[in-house]
Amino acid sequence: MDLRLSERWVIPAAELRWRFSRSSGPGGQNVNTTDSRVELLFDLATTPSLPPHLQARALRRLEGKLVEGCVVIAASEHRSQWQNRVAAQRRLVELLQEAIKPPPPPRRPTKPTRASVQRRLAAKKQRGAVKQQRQGRPQLSDD
């Protein structure tokens, strides 16, 4: 099944590699006999499905999550292999959509308003006064 990242970009199923293994966790004797854990591998470094500028952006943003240029998604939260496959595909699509999004517009630096500066300084003075009151030490009498 092909993965649709957007209206324009589709990853063909032929570029996805699957690995299956036994899942840990609850499931009784079923866990010991079925390969329900799923690993989905997508070679982001060599894919022809994405244009070069989107591929470079995704590689830059996902560089900490890549294993030899491949995105690896593991899913074992469900007891059935089919549900884990669907979950892995959904997570890969979400990850890649986030990675190829255009960067946000740059922040325009602004000055704080005069009123906000006055409020901040008044709060600092009040807090300092509270702390100053705590410094009062009791006087020892010489009686």
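## Exercises: a small sheet and a buried leucine

In this predicted model, β5 and strand β6 (residues 70–75) run antiparallel to each other, paired over two bridges.

**Exercise 1.** Find the bridge partner of valine 67 in β6, then work out which strands are the edges of the sheet.

*Solution.* Start with valine 67: its partner in β6 is cysteine 70. Next, zoom out to the whole open sheet, where four strands follow the order β3-β4-β6-β5 with antiparallel pairing. Now check the ends: β3 (16–21) and β5 (66–67) each pair on one side only, so they are the edge strands.

**Exercise 2.** Say which helix packs on the sheet, and which strands that helix touches.

*Solution.* Look for helix α3 (residues 81–100), which packs on the sheet. Then trace its contacts: α3 touches β3, β4 (37–43) and β6. Finally, compare directions: those of α3 and β6 make an angle of about 140 degrees.

**Exercise 3.** Locate leucine 44 and decide: is this residue buried or exposed?

*Solution.* First, go to the loop between β4 and α2 (52–61); leucine 44 is there. Its relative accessibility is 0%, so leucine 44 counts as buried. Then look at what it touches: the contacts of leucine 44 include Leu50, Leu59, Leu66, Cys70 and Leu96. Take Leu66 from that set: leucine 44 and leucine 66 sit 22 residues apart in sequence, with 8.5 Å between their C-alpha atoms.

**Exercise 4.** Which element has the lowest mean pLDDT, and which the highest?

*Solution.* Begin with the whole protein: its mean pLDDT is 87, and 88% of residues reach 70 or more. Then go element by element: helix α1 (residues 29–33) is lowest at 59, while helix α4 (residues 114–134) is highest at 95. Where pLDDT is low, don't read the predicted coordinates in detail.

Notes
Residues are numbered from 1 along each chain as its sequence is written. This is a predicted model: local features need pLDDT of at least 70, side-chain atom pairs count only at pLDDT 80 or more; totals for chains, interfaces and linings use all residues. Side-chain values use heavy atoms; hydrogens and water are left out. pLDDT is the predictor's confidence in each residue, from 0 to 100. Contact means heavy atoms within 4.5 Å. Axes are lines fitted to C-alpha atoms, for helices over the stretch in contact, and angles run from 0 to 180 degrees between N-to-C directions. Buried means under 20% relative accessible area, exposed over 50%, partly exposed in between (1.4 Å probe, protein chains only). Lists of a residue's contacts leave out its neighbours within four places in sequence.
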